[in-house]
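Here's a quick walk through one sheet and one surface patch. Have the model open as you read.

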Amino acid sequence: MAEIKITVRAKGVTPAASLAEFGVDPRLNSAQYLRIAVSGPPRREEIFAVDPNRRQGASGNEIQVMAGQLGLKYNETAAGLASPATPWAYRRSQLLNTPSGRLVLGTLIAAWVAVWIDGSLTIGEKGLTLLLVDAKTLGVLNLVSMIAKLISAILAFLLASGFKK
């Protein structure tokens with residue numbers, strides 16, 4: 001889909017993108033998520049959920065975001081481009097571009113490593129030999145599994161301690 005020229009202002013009060021009640025481009029008006037890019041060196045781009053409550057009485061293609069987002073200071077404006085985004089693109093953006101999302105991914109990867117090592121060793125104990133390894137290698141694999149479990153526990157603790165209701 002084509003990108004639409006907009007003005008971005010860092011004056012919002014929520015992490016969601018705030019659209020004007022009147023005059024918004026129809027292609028943006030119905031979107032639940034927007035990919036907003038601010039041009040200029042360097043080009044900054046983020047995906048935002050759209051605030052369902054429009055700014056009453058406002059018109060034009062000005063989109064408001066919170067200060068700090070897209071590198072903008074409070075009440076600073078910048079020219080930009082916007083296009084509708086999919087829910088999956090928004091979720092992926094939240095996983096990769098937020099501290100809590102990166103903690104979730106780190107926890108998942110560490111837990112997967114531990115599960116694959118433990119599962120492989122357990123299958124080998126039950127009679128199905130996937131690969132032949134000596135005792136030293138088994139010790140190293142057990143150590144790696146233990147470290148992965150420890151890392152996933154620490155990351156899970158960090159996630160839980162930073163959780164806000």
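## The sheet and its neighbours

Strand β1 (residues 4-10) runs parallel to β6, and the two pair over four bridges. Strands here are DSSP E runs of at least two residues, helices H or I runs of at least four, numbered from the N terminus, and pairing takes at least two DSSP bridges between two strands. Ala10 has Val65 of β6 as its bridge partner.

This is a predicted model, where local features need pLDDT of at least 70 and side-chain atom pairs pLDDT 80 or more, while totals for chains, interfaces and linings use all residues. Numbering starts from 1 along each chain as its sequence is written, and side-chain values use heavy atoms, leaving out hydrogens and water.

Zooming out, five strands make an open sheet with mixed pairing, in the order β4-β3-β7-β1-β6. Its edge strands, each pairing on one side only, are listed here.

| Edge strand | Residues |
|---|---|
| β4 | 44-49 |
| β6 | 62-65 |

Helix α2 (residues 87-97) packs on the sheet and touches β3 (33-38) and β4, its direction making about 115° with that of β4. Contact means heavy atoms within 4.5 Å; axes are lines fitted to C-alpha atoms, for helices over the stretch in contact, with angles from 0 to 180 degrees between N-to-C directions.

Over on the surface, α3 (99-125) and α4 (135-161) each supply at least two residues of a nonpolar patch. Val140, one of the patch residues, sits in helix α4.

Key: Patch = residues over 30% accessible without salt bridge, like charges linked within 9 Å, V, L, I, M, F, W, Y side chains within 5 Å. Areas by Shrake-Rupley, 256 points an atom, 1.4 Å probe, with all protein chains shown as cover. Salt bridge = Lys/Arg side-chain N within 4 Å of Asp/Glu carboxyl O.
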